[in-house]
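Welcome to a short guided tour. Open your viewer, get ready to select residues by number, and let's take the stops one by one.

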Amino acid sequence: MKNLIPGNLIIFLFLLKVRRKKMYRTHTCGELNLTSAGKEVTLCGWVQKSRDLGGMTFVDLRDRYGITQLVFNMEEKAELCRIARKLGREYVIRVKGSVRERSNKNLKIPTGEIEIDVNELTILNISEIPPFTIEEDTDGGEELRMKYRYLDLRRTPVKNNIILRHRVAQEVRRYMDSIGFLEIETPVLIKSTPEGARDFVVPSRMQPGTFYALPQSPQTLKQLLMVSGFDKYFQIVKCFRDEDLRADRQPEFTQIDCEMSFVERDDILETFEGLAKYLFRQLKGIEFSEPFRRISYHEAIECYGTDKPDLRYDMKITDLSEIVRGYCFTVFDTAEYIGGICAGGCSEYTRKQTDELTEFVKKPQRGAKGLVFVKYSKDGTFRSSVDKYYNQEQSGKWAVSMNARPGDLMLILAGGRAKTLAALSELRLEMGTRLGLRDKEKFVPLWITDFPLLEWDEETKRFYAMHHPFTSPKPEDLPLMGKDPGKVRANAYDLVINGIEIGGGSVRIHDAEIQKLMFKVLGFSDEEVNKQFGFLLNAFKFGAPPHGGIAFGFDRWVALFGGQESIRDFIAFPKNNSGRDIMLDTPSTISDHQLNELMISIKKGT
């Protein structure tokens, strides 16, 4: 008979049965308002703070959902009020009382028009004084808050970041399911591969002397799923890379991993551009009616100095190499490349401001030897740091080339091509920040396409895959693989938003012979290929379909929607910049017994 009852009715009857039972609370601290006036309610939560005003004591009670004010009246309930006055911050309590309208309303919070006239108070647990205040603007430093992360997570901004993360995950799943993708889990203990970042390795007790690796990405596994016939796969998956950290990196991070069969590049871009537009619509209320802009890797480097350009503002890099040489200024005459940017409306920058910019580009991470500036005054004249070598007419030619107008400031760097373009990219971002051009509520997505397939490393004298060894070369460049590999373009793409690489992917190699050629160009012997990737090449023998995909940085998506740069703020229990979890005090040593079981010895430093 039970099987004949509709599923929704079963759920309703279950919830009704649960509600009839005696529960810790009848409502949360975020849902009561004036429509609840007169109701008898039970609330539970943490004491945010209390205020003793003589005859009255007010306590702010907090839970995940919000804050509700409690009132204790000395004249009416003296003993209860005395207990309330002894409540410390973060005590866990349960109260019963009636909802009534507040006389001093706080319209900044949803419950600010009501308060609870308490008639029963139970202390569920006491708390030591927290090491920092559990408020929006806390007095705790970052290291202290990470040590007590479980307390930091009680603060509204951090809690809201985690809630946002949940929302993004649910919207991703909703959209991917709607277009026919299957969420399929892949193993966490896999085989170590020699390409990419360093692996985290896990020793095997049952197979002494052998190791698993934690996946940097489920790359080969999702390709095998395509061979298996699951033509639309996705997974919100943990990945691990043992690399140096920064604001947008963690040793363990989360990807939206995706793969499709029987597709070409444009099919993939359109599919996942659809996902991006859906997320913006659902989470930010922003509509993108036009297709995302697409620019090549070469254009991105030439115009912005980076393959992750921030296009919320213009300020392109101009190649000045041809028009500035030959005027006896040695710095320019001997440089491989000279380029500049034009900062609108900055011609009145002071000596102090231009000195600050000079120091900015000379810092080790940028490595420029100096900065040349030209002030295009509003009266049409030019003043520069190289007036000794270039007259007004020659400076005017620079201005024409850089589309400068009276009132603008031209900033120029010289040196090796790659290094100078990278420094100009950083300078462009700095000027964008100084001029208020990097609005957090403005979003400009674009696709970067046609990356180089390979990168030459001068130290090891060999090519490395720019993305990974399974990226397909563009079909028209395939003949170059044997004679000039450095010129081969990859059938790869990145989604970049506001200077952040949100995701990247490629059409994959699905032909075993082309895959073998790729491994050969990368310098792998047949023995190494079979040992590391034999399982994939064997799979290709049984009819691998054309396929490709993308992996999005899930943490980066969430941080982008949250308006912050650091992904750490959107991870429940993150690591610090040294890859350490100072709350759990890990990484840590393990016992000799465990080491012996694993047949591992620790080499002591001298």
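**Stop 1: two helices that cross**

Helix 5 and helix 7 are oblique to each other. To see this, select residues 156-178 for helix 5 and residues 265-284 for helix 7. The two pack at an angle of about 135 degrees, and their axes are 10 Å apart. An angle counts as roughly antiparallel only when it is over 145 degrees, so this pair falls into the oblique group. The crossing of helix 5 and helix 7 is right-handed.

Now show the side chains where they touch. On helix 5, pick L164, R167, V168, E171, V172, R174, Y175 and M176. On helix 7, pick T271, F272, G274, L275, Y278, L279, Q282 and L283. Try colouring these contact residues by type: you should find 10 nonpolar, three polar and three charged.

**Stop 2: a covered helix**

Next, select residues 554-562, which form helix 16. How many of the nine residues in helix 16 are buried? Eight of them are, so this helix is mostly covered. The buried ones are F554, D555, R556, W557, V558, A559, L560 and F561.

What covers the buried residues of helix 16? Both helices from the previous stop, helix 5 and helix 7, are among the elements that do. Add strand 10 (252-261), strand 20 (492-497), strand 21 (500-507) and strand 22 (547-553) to your selection, since the cover includes these as well. Before leaving, click on G563, just after helix 16: this residue takes a positive phi of about 75 degrees.

**Stop 3: another pair of helices**

Hide the earlier selection and show helix 6 (residues 219-227) with helix 15 (residues 526-540). They pack at an angle of about 20 degrees, with axes 10 Å apart. That angle makes helix 6 roughly parallel to helix 15, and the crossing of the two is left-handed.

Where do they meet? On helix 6, look at T220, Q223, L224 and V227; on helix 15, look at F535, L536, A539 and F540. This contact is made up of six nonpolar and two polar residues, with no charged ones.

**Stop 4: two single residues**

Select S425, which sits in helix 13 (residues 417-434). Is S425 buried or exposed? Its relative accessible area is 6%, and because anything under 20% counts as buried, S425 is buried. Display Y304, G305, T306 and I317 too: S425 is in contact with these, leaving aside its neighbours within four places in sequence.

For a second residue, go to N104, in the loop between strand 4 (92-101) and strand 5 (114-125). N104 has 44% relative accessibility, so it counts as partly exposed. If you draw a distance from the C-alpha atom of N104 to that of E115, the separation is 10.0 Å, and the two are 11 residues apart along the chain.

**Last stop: zoom out**

Show the whole chain again, and keep in mind that this is a predicted model. The chain has 17 helices and 22 strands. Its C-alpha atoms fill a box of roughly 90 × 75 × 60 Å along the principal axes. Of the 606 residues, 46% are buried. Among contacts with a separation of 6 or more, 65% are between residues 24 or more positions apart. Finally, turn on the surface: the accessible surface comes to about 31900 Å², and 51% of it belongs to carbon and sulfur atoms.

Notes
Residues numbered from 1 in each chain as written. Predicted model: local features only at pLDDT ≥ 70, side-chain atom pairs only at ≥ 80, totals over all residues. Heavy atoms only, no water. Axes fitted to C-alpha atoms, helices over the stretch in contact; angles between N-to-C directions. Helix = DSSP H or I, 4+ residues; strand = E, 2+ residues; numbered from the N terminus. Parallel < 35°, antiparallel > 145°, perpendicular 65-115°, else oblique. Left-handed = near helix turned anticlockwise from the far one by under 90°. Contact = heavy atoms within 4.5 Å. Nonpolar A, V, L, I, M, F, W, Y, C, P; charged D, E, K, R; others polar. Buried < 20%, exposed > 50% of the residue type's maximum accessible area, 1.4 Å probe, protein only. Areas by Shrake-Rupley, 256 points an atom, 1.4 Å probe, with all protein chains shown as cover.
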